[in-house]
Structures are given as structure tokens and as C-alpha cells.
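This briefing introduces one protein structure to a reader who has not met it before. Please view the sequence and the model first, and then read the points grouped by topic.

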Amino acid sequence: GLPEGGALRSFVPFVSPPPFSLYFSLEMALTLKAPEGCHLTNKVLIAAAYSNVDVKVEIVSRDKKGYNVQGHPLKKVPVLETPAGSLFESNAIARFVAKQNGNPGKLFGNSAVEAAQVDSWITFAATEIDPPVSSWVWTANGTLPDNAALVKAASGDSRKLLATLDQVLKEKTFLVGERITLADIVVAGSLCCAFKSVFDQKLRKPFKNVVRWFTTVANQPQVFGVVGSVTLAGDKAPINEQGAAAPAADEKKEEEKKADAAEDDDDDFDVFGDDDDDEEREAEIQRIADAAAAAKAAKGKVVIAKSVVVLDVKPWDTETDLKALEEKIRGIEMEGLEW
């Protein structure tokens, strides 16, 4: 029949264009411009490996005026060139690459909430992790001049961050959901240089959950294919190998429980305190020893003086029973100790 009004009209069927990401999956031409060895490119290339995207890396050099790279308002790097325009800032680039080809790696989780959580961790890495960790690493490798106060503050902040992450990962294998996401890739990338240079065995000891998680991420084939072998500071063997399976979470947790039972000395580690100054402590011990030796030589015997020790106890959380904790501490008995 005729349409209302009796006039014959022609109708042109409307076909909606394919999704934006489909254009790039059909003709992918992505070029990442960055200096050689730039750690910020790793997260982008790992995301590309998960999303089956071919990203060409173009090495750029720095002159006296900086990087002469178009696409960044301040001509900084990295910059990603796409057929539709340029992108800057490494986290934005990593997000874009991870979403290509329909996000086959599920790097944003399985729901809108998980996708938002992934974004939260990416922002956390940029605002909370990168500033102190980068300051510490850059001072250690000579990029920044020696600054004892800066290193002390950065190392203290890094310990607090590791303590926070350790609690988050206590019952979790990954930061968001049940599989690796861009959150793990970005956060692990922010910590990687520190794990290899300044996070030594002593510092890592209280943070077993973080070390287990970092090892799991580093053992993913897509991650290994970009960063290669990772050897932690003070270790001789790498924590990952090509073709190695990711550590089983259940096995790791069982090993950690056994280790915790055998290593009670970790319980008194103050993650919120300042770094121990070994040289000053050794100097103080030597001074006391020299004074005792001098007293023995002068009087024929060592004068043993009493010392007053103040214990600054910092509870793990606000739910700790301080009264019970005090009674437990005062229950410690040993020769010469008086409360």
C-alpha cells in the first residue's frame, strides 16, 4: 500500500558505519615515536601484543631544544601516529592500543565497573607511584644529582605504596578481576625499573604478595616478548624465562604461608619508617664499644650502664586492640630488661 497521504516516496536504506576501531583493524598503520630504551613504550607494546596490533617503533633523538616530534603540544615523547591523527601521553596511547580489534585481550576487564577500576589503577600509577619511584631510580642511576633528602623521602613513600599494594594483593592474583588487565601492565611497568635497581632483597622481604604478583605479570608471554628477562636487584637469576608459565597463584600462596610461619622476624618491620642508615648504626655501635674498652682500661672493669629504650609501636590498622598489644609487648622477659 501507499504511505499515509497517498504519495509514493522512495526510501534509501541507511547502513551505519563500522565501529571506529574496525577501521584500524582493517588498515592498521600505527607508528610509535620514542627515544631508544624508553620504558614508557613497554606498556604500549605489551597492549599491542594482547590486541594483535602491529605498532612500528620509530627511534627519535633529542637535541639541545628537546625532541623535535610533532603531535605533542610540548614536543615530548612518546607520540603515536595513527591514520586519524596523533596521540600523546603513554597511558592514553596504551588505552587506545588496548581497545583495538575489539579488545581481544580483555585488558579492561569484563564489565563497566572493572573497566573503571582499570582506569583507576592507571591514574594511581601516574599520580602516586611514578613521582617517588622515578625520583629514587633516577637518582640511583645518575639521571638526577645526588640528593640524600630526596632519596630518603622517595624511599619512604615507595615503602608505603608497596605496603598498600601488598594488602590489595593479599587475596588476589591480579589488580582487577581474575585475569591480567591494563592495570597490571601499567602498574608493573611503573615499578619495573625500581625492582631491577633499588628494590633490593631486604626491602622486598615484607612485600611477598607484591613480588608474587610482579613475577606473575613478568612471566606472561606478551610481557616477556617486550621487556625480556627481568632480574630483581641483588639477585643473580631472572624471575622470568621465555616460554615459562606464570607462577600458580595457589602454589605461591601456600609457599608464602610456610615462609611466614618460619620468618617471624618480618613482623617487626616498620614499613612506614625511614630507611635504616647502616653506616650511622655501625658507627654508633663502634663508639659504644670504644667507650667500653676505654673504661675497662682505665678502671680495670667495664661499666655497664642502663639504657632507656622507647618503643614506637605503629599498629597495622585502626582495628588493632592497642591495650592487648601493650600487654603482649610488656610480657616480653629477658635478663636486664625492666618495664
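Axes are lines fitted to C-alpha atoms, for helices over the stretch in contact, and angles run from 0 to 180 degrees between N-to-C directions. The model described here is predicted. Its open sheet has four strands, two of its helices, α5 and α8, pack at an angle of about 75 degrees, and its count of disulfides is zero.

**The sheet**

- The strands of the open sheet follow the order β2-β1-β5-β6, and their pairing is mixed.
- At the edges stand β2 (55-59) and β6 (85-88); each has a single partner strand, so one side of each lacks a neighbour in the sheet.
- From one strand to the next, the twist averages 25 degrees.
- Strand β1 (residues 30-34) and strand β5 (residues 79-82) run antiparallel and are joined by three bridges.
- Leu 32 has Leu 80 in β5 as its bridge partner.

**Helix α2 and its surroundings**

- Helix α2 (residues 40-51) lies across β1 and β2, and runs at about 160 degrees to β1.
- The buried residues of α2 are Thr 41, Lys 43, Val 44, Ile 46, Ala 47, Ala 48, Tyr 50 and Ser 51.
- These buried residues pack against the strands β1 and β2 and against the helices α3 (90-98), α6 (182-197) and α9 (221-227).
- Asn 52, just after α2, takes a positive phi of about 60 degrees.

**The contact of α5 with α8**

- Helix α5 (residues 148-168) packs with helix α8 (residues 208-218) at an angle of about 75 degrees, and their axes are 7 Å apart.
- Because angles of 65 to 115 degrees count as roughly perpendicular, α5 is roughly perpendicular to α8.
- On the α5 side, Leu 162, Leu 165 and Asp 166 meet Lys 208, Asn 209 and Val 210 of α8.
- Three of the residues in this contact are nonpolar, one is polar and two are charged.

**Cysteines**

- A disulfide is a covalent bond between the sulfur atoms of two cysteines.
- A pair of cysteine sulfur atoms must lie within 2.5 Å to count as a disulfide, and the count comes to zero.
- For Cys 38, the closest cysteine sulfur is that of Cys 193, at 9.6 Å, which is too far for a bond.
- Cys 38 is buried, with a relative accessible area of 13%.
- For Cys 192, the closest cysteine sulfur is also in Cys 193, and the distance of 5.8 Å is too far for a bond.
- Cys 192 counts as buried, at 12% relative accessibility.

Terms used. Residues numbered from 1 in each chain as written. Predicted model: local features only at pLDDT ≥ 70, side-chain atom pairs only at ≥ 80, totals over all residues. Heavy atoms only, no water. Parallel < 35°, antiparallel > 145°, perpendicular 65-115°, else oblique. Contact = heavy atoms within 4.5 Å. Nonpolar A, V, L, I, M, F, W, Y, C, P; charged D, E, K, R; others polar. Buried < 20%, exposed > 50% of the residue type's maximum accessible area, 1.4 Å probe, protein only. Pairing = 2+ DSSP bridges.
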